[in-house]
Amino acid sequence: MKLFIYDHCPFCVKARMIFGLKNLPVRLVTLLNDDEATPIGMIGKKMAPILQKDDGSYLPESMDIVHYVDQLDGNPLLTGKTNPAIAEWLQRVGSYSLNLLLPRFANADFEEFATAAARQYFTDKKQASIGDFSTHLADSADLIAQLEADLQVLSGLIAAPDAVNGTLSEDDIHLFPLLRSLSIVAGLTLPDNIEAYRNRMAQRSDIPLLFDMEQ
């Protein structure tokens with residue numbers, strides 16, 4: 001199978017996770033961010049991730065990919081219960097974390113930004129959505145302080161390093177991608193148990209963190 005992705009994309013990380021957690025082979029193909037023709041040719045619109053199945057057909061949508069791959073062998077891995085408090089935390093932090101992340105993604109050495117045109121495409125699209133990147137970068141200290149306060153709340157929700165609720169569940173698929181994205185933010189301090197969880201999930205999923213791009 002092939003998985004078409006952007007490395008920075010948390011939705012793509014969700015799809016990548018299930019392959020790593022189940023120790024299944026997959027070929028990762030990174031699309032240039034301004035390549036509209038390839039995904040449109042596959043599924044009729046520009047988005048990622050897209051899974052090309054062994055039969056050649058295409059499956060978009062991160063959680064549809066996760067569910068498909070998890071059920072392939074008839075022995076699903078994501079059997080744990082979800083915790084509504086995790087979803088609430090992600091919604092709250094998601095309301096402002098993109099202001100920290102998107103300007104840093106735009107400056108980072110991701111393969112999807114291998115050309116100047118691809119990087120500019122991303123910058124133009126995202127600034128149209130959240131506003132001027134330089135303004136958000138100037139607000140980094142306040143955003144980091146807000147995030148560190150919210151991370152203290154999350155710390156109380158982490159049951160174990162191997163799974164946020166003790167048994168692998170969809171909460172792990174939703175939580176780890178954001179924590180991985182946050183590894184690009186210089187000066188951000190995570191509580192010890194969140195750091196341990198993030199490191200363990202990166203190892204189990206075989207998805208490297210972004211410390212080498214830290215800004």
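This is a short dialogue on reading the domains, pockets and one helix of a predicted model.

User: Into which domains is the chain divided, and how many residues of domain 1 are in contact with domain 2?

Analyst: The chain is divided into domain 1, covering 2-71, and domain 2, covering 84-205. Their C-alpha centres lie 20 Å apart, and 20 residues of domain 1 are in contact with 23 residues of domain 2.

User: How should I begin to read empty space in such a model, and what volume does the largest pocket have?

Analyst: The general idea is that rolling a probe the size of a water molecule over the atoms shows where empty space is left. In this structure, the largest pocket has a volume of about 600 Å³, and its lining consists of 25 residues, of which Cys9, Pro10, Phe11, Leu98 and Leu102 lie nearest its centre. The elements that contribute two or more residues to this lining are α1 (10-21), α4 (84-94), α5 (97-107), α6 (116-130) and α9 (170-182), with the largest share, six residues, coming from α6.

User: Where does the largest pocket lie with respect to domain 1 and domain 2?

Analyst: Domain 1 and domain 2 both give residues to the lining, so the largest pocket lies between them. By residue class, that lining divides into 14 nonpolar, seven polar and four charged residues.

User: Which residues line the second largest pocket, and what is its volume?

Analyst: The second largest pocket has a volume of about 150 Å³, and it is lined by Arg16, Phe19, Gly20, Asn23, Leu24, Val26, Leu28, Ser205, Asp206 and Ile207. Here the largest share of the lining, three residues, comes from α1, while the division by class is five nonpolar, three polar and two charged.

User: Returning to α9, what span should its 13 residues have, and how far apart are its end C-alpha atoms?

Analyst: The check rests on a rise of 1.5 Å a residue, by which the 13 residues of α9 should span 18 Å; the end C-alpha atoms are 19 Å apart, which agrees with that expectation.

User: Is α9 mostly covered or mostly uncovered, and which elements do its buried residues pack against?

Analyst: Taking buried to mean under 20% relative accessible area, α9 is mostly covered, with eleven of its 13 residues buried. Among them are Asp171, Asp172 and Arg180, together with Ile173, Leu175, Phe176 and Pro177. The buried residues of α9 pack against α1, α3 (62-71), α4, α5, α8 (140-155) and α10 (192-205), and α9 is also one of the elements that give two or more residues to the lining of the largest pocket.

Notes
Residues are numbered from 1 along each chain as its sequence is written. This is a predicted model: local features need pLDDT of at least 70, side-chain atom pairs count only at pLDDT 80 or more; totals for chains, interfaces and linings use all residues. Side-chain values use heavy atoms; hydrogens and water are left out. On a 1 Å grid over the protein atoms alone, a cavity is a set of points where a 1.4 Å probe fits but cannot get out, and a pocket is an open set with protein on both sides within 12 Å along at least five of seven lines; lining residues have an atom within 4 Å of a point. Grid points are joined across faces, edges and corners, and a volume is the space filled by probe spheres set on the points. Helices (H or I, at least four residues) and strands (E, at least two) are DSSP runs, numbered from the N terminus. Ala, Val, Leu, Ile, Met, Phe, Trp, Tyr, Cys and Pro count as nonpolar, Asp, Glu, Lys and Arg as charged, and the others, Gly among them, as polar. Domain bounds come from an automatic or database domain assignment. The expected span of a helix is 1.5 Å times one less than its number of residues. Buried means under 20% relative accessible area, exposed over 50%, partly exposed in between (1.4 Å probe, protein chains only). Contact means heavy atoms within 4.5 Å.
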